[in-house]
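Colleague: I'm new to this structure and would like a close look at a single part of it. Could you pick one region and walk me through what surrounds it?

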Amino acid sequence: MWTWGTSTRRRLESCRYGASRAHVSIRTASFLCIDRALDSSRRWWITFDVVGILPFAPWNLVESTLGTSRKGTECVTANSRMSAVGPKTALAETDADGAFKRTPSSFRDRVTARGGRFKAAPGRYHLYVSLACPWASRCLAALAIKGLEETIGVSVTEPTWRKTKPDDPQDKHMGWVFAPGGDKLKDRPTIRTLYEEVTATATKYTVPLLWCTVENTIVNNESEDIVRMLNTEFNEFAKMPGIDLYPEDLREQIDGINAWTYPSINNGVYRCGFATSQDAYEQAFDELFEALDRCEEILSGSRFLCGNRFTEADLRLFMTLIRFDEVYVVYFKTNKKMMREYPNLFNYIKDIYQIPGVAKTVSMDHIKRHYFTSHPVLNAYGIIPKGYPMDYTSAHDRERLGPIEGLGS
């Protein structure tokens, strides 16, 4: 978190600003770019007047105001270096038009049943998750549905982002931390620690994260990959090996559904919430509700997105929908309709919640505490709305469309 006083000087290297003054206002802070100078080493110095608290470095906002690119740009502050490749969170991933652009996951190795560097084996792998994170929660649910709790260990972070280097006043990064004993392997203090054990390159320190205890390294931090590895590569050890969330005969259909539900719904809520311009927000908003209407129509005639068979496409969608009314409608301004106003989607949420193994991966307490207390720029005082608690164990009407297929052992 950046707390800046009046006329704080920060150096921006390799930039060519076309103007010397810009004023930017954002929810809880405003700052004024009042000076620009080129020093002898060809570096631009820019002075900011800042009032308030920023949870991320503000140069991206200055850039969008002045119409510049972040390419080749870095901000050097005292002994720390924060840049486009430095420690950051999703809040910093907006482009010059104010649109949220999520960066790809950086670790993409695979566990396989047949062998190789990362061979599937009981006790060899450990899954790091947050119960608040929809991407991590889909992995945790896949692990539970497949009956792999005794094969792969799990560690759960605290819900609220905190300083990941609390003893370093120059390091402002906020991210996932553990309560004492939260890391079941080595009692590490943060998710960042795991990344720094295997790479010197600063990056986003995200969950889910699949860790190999033999090589002490990160295998993968992409939720789609992890779900599919849990689905197929550990069947020898799974209690429910017959469950297939990505069946061969439906893969083309699943991939087609994921291709529009991801950008418009799963990531679409973040595109609404993290947008820094009205145009970017409204575009994401419109795409989100068009996609939700499309889901509502599909679910009027089939129990799940691919007929009556529960697949990874449903698991992915569910983890966003279960957070919608309690968080996204308020926090990300996705306020056209609530889930309980969609008859098919609302009953669909309850149907999936009641699948064995799913409910225990949903913690509304963690979900609400994370979102409403981790981003001061979106919620300065960290007040958590009381909301309208839903009973997802109550009866639904999805049986009218036929029995669930594919969830036998």
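Modeller: Let's look at one strand, β8, and then at the helix packed against it. Keep in mind that this is a predicted model.

A bit of background helps. The chain has 11 helices and 13 strands, and 56% of its 409 residues count as buried. Of the contacts with a separation of 6 or more, 69% are between residues 24 or more positions apart.

Now for β8, which covers residues 125-129. Five of its five residues are buried, so the strand is largely enclosed by the rest of the structure. Follow the side chains and you'll see two sets: Y125, L127 and V129 point one way, while H126 and Y128 point the other way.

What does β8 pair with? One partner is β12, which runs antiparallel to it and is joined to it by four bridges. Within that pairing, H126 has W211 as its bridge partner. Another partner is β9, residues 153-156, and here the two strands run parallel, again over four bridges. In this case V129 is matched with V156.

Stay with W211 for a second. The charged end of R188 sits over its ring, 4.9 Å from the centre.

Next comes helix α4, residues 223-232, which is mostly covered, with eight of its 10 residues buried. Among them are I226, V227, M229 and L230, but also D225 and R228. The buried residues of α4 pack against β8 and β12, as well as β13 (217-220) and the helices α2 (134-146), α5 (251-266) and α8 (312-321). Have a look at the start of α4 too: a side-chain oxygen of E222 comes to within 3.0 Å of the backbone nitrogen of E224.

Two of those neighbouring helices, α2 and α5, have a link of their own. The count of aromatic pairs comes to 27. W135 and Y262 make up a tilted one, with 5.9 Å from centre to centre and 55° between the planes. This pair links distant parts of the chain, since W135 belongs to α2 and Y262 to α5, 127 residues apart. How covered are these two rings' residues? W135 has a relative accessible area of 12%, so it is buried, whereas Y262, at 29%, counts as partly exposed.

So, to pull it together: β8 is enclosed, with β12 as an antiparallel partner and β9 as a parallel one, and the buried residues of α4 pack against it.

Technical notes. Residues numbered from 1 in each chain as written. Predicted model: local features only at pLDDT ≥ 70, side-chain atom pairs only at ≥ 80, totals over all residues. Heavy atoms only, no water. Buried < 20%, exposed > 50% of the residue type's maximum accessible area, 1.4 Å probe, protein only. Contact = heavy atoms within 4.5 Å. Polar contact = N/O pair within 3.5 Å; in protein donor to acceptor, adjacent residues only side chain to side chain. Phe/Tyr/Trp six-rings, centres within 6.5 Å; stacked < 30°, edge-to-face > 60°. Lys NZ or Arg CZ within 6 Å of the ring centre and 35° of its normal. Pairing = 2+ DSSP bridges.
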